[in-house]
Amino acid sequence: MNRTHFEKELEELHYDVLKMGSLVEEAIANAIASLVNHDTELAQKVIDDDDRIDKMEVEIDNKCAKIIVTQQPIAKDLRIVLTGLKIVTDLERMADHAVDIAKTTLRIAHQKYIKPLIDIPRMAEIVREMVKMSLDSYVRQDLELARAIGEKDDIVDALYKQVFRELLTYMMEDPRNIDQATQFLFVARYLERIADHATNICEWVIYLDTGEHIDLN
């Protein structure tokens, strides 16, 4: 294995993963903004831009496969490449959930909301922080940062339960609220799933360094 060439390919892999991660962060932010502001144009942009993220996943997968075939890395070097493959899978699924949120906007944007959106944007902000933390921990191979994500995941889980209880109350008070409240519950669930994928990335970062799988949830 040509070490210099291998390290150059790894640098490119890190750059590509970060670029894809940045697009995913933007998709999450735009999806939530579209929901809060009843902005169907922005929601459609999230949906349309998802093709670019899907293409990036394929390109990174191909690069990783090429590295494995041509460089034949072993031990930690192999784990670095395999971790890159796993991370882009999680990122692509995050982007899919951002699209799900955007589609929710298209379904209910014409309606007057049954309540101000407070906790859902708070969840989204923490989730975006988690995505950034997970990617930073990958690039820096920072195990302490990777392990710290569990605390933020707990906050997201608590907010989800709070949103669930509140929306359930709205549904019980007036059956006419059921359809819209259900849509908001889906959004909260999508955000919780994005947080889980960010946590998955941190688990892969720890695997990269130690070779061990641990559960951070």
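This is a short dialogue about reading a predicted model of one protein chain.

Colleague: Where should I start? Which helices and strands does the protein chain have?

Modeller: Start with the secondary structure. In this predicted model, the protein chain has six helices and zero strands. Reading along the sequence gives the pattern α-α-α-α-α-α.

Colleague: Thanks! What does the radius of gyration say about the protein chain?

Modeller: The idea is to set the value beside that of a compact globule. For 217 residues, such a globule would have a radius of gyration near 17 Å, and the protein chain has 19 Å, which agrees. You can also look at the box filled by the C-alpha atoms, roughly 65 × 35 × 20 Å along the principal axes.

Colleague: And how many of the residues are buried?

Modeller: Buried residues make up 51% of the 217. As for the surface, the chain exposes about 10700 Å², and carbon and sulfur atoms supply 51% of that area.

Colleague: How do I read the contacts along the sequence?

Modeller: Ask how far apart the partners are in sequence. Of the contacts between residues at least 6 apart, 82% join residues at least 24 apart.

Colleague: Let's try one residue. Where is N177, and is N177 buried or exposed?

Modeller: Find the loop between helix 5 (143-173) and helix 6 (178-210); N177 is there. Buried means under 20% relative accessible area. N177 has 13%, so N177 is buried.

Colleague: Which residues does N177 touch?

Modeller: Leaving out residues up to four places away in sequence, N177 touches I114, Y170 and M171.

Colleague: Last one: how are the charges placed?

Modeller: Compare their mean positions. For the 27 positive and 42 negative charges, these are 1 Å apart.

Conventions. Residues numbered from 1 in each chain as written. Predicted model: local features only at pLDDT ≥ 70, side-chain atom pairs only at ≥ 80, totals over all residues. Heavy atoms only, no water. Helix = DSSP H or I, 4+ residues; strand = E, 2+ residues; numbered from the N terminus. Buried < 20%, exposed > 50% of the residue type's maximum accessible area, 1.4 Å probe, protein only. Contact = heavy atoms within 4.5 Å. Rg over C-alpha atoms; globule rule 2.2 N^0.38 Å. Areas by Shrake-Rupley, 256 points an atom, 1.4 Å probe, with all protein chains shown as cover. Lys, Arg positive; Asp, Glu negative; His and termini not counted. Charge placed at Lys NZ, Arg CZ, Asp CG, Glu CD.
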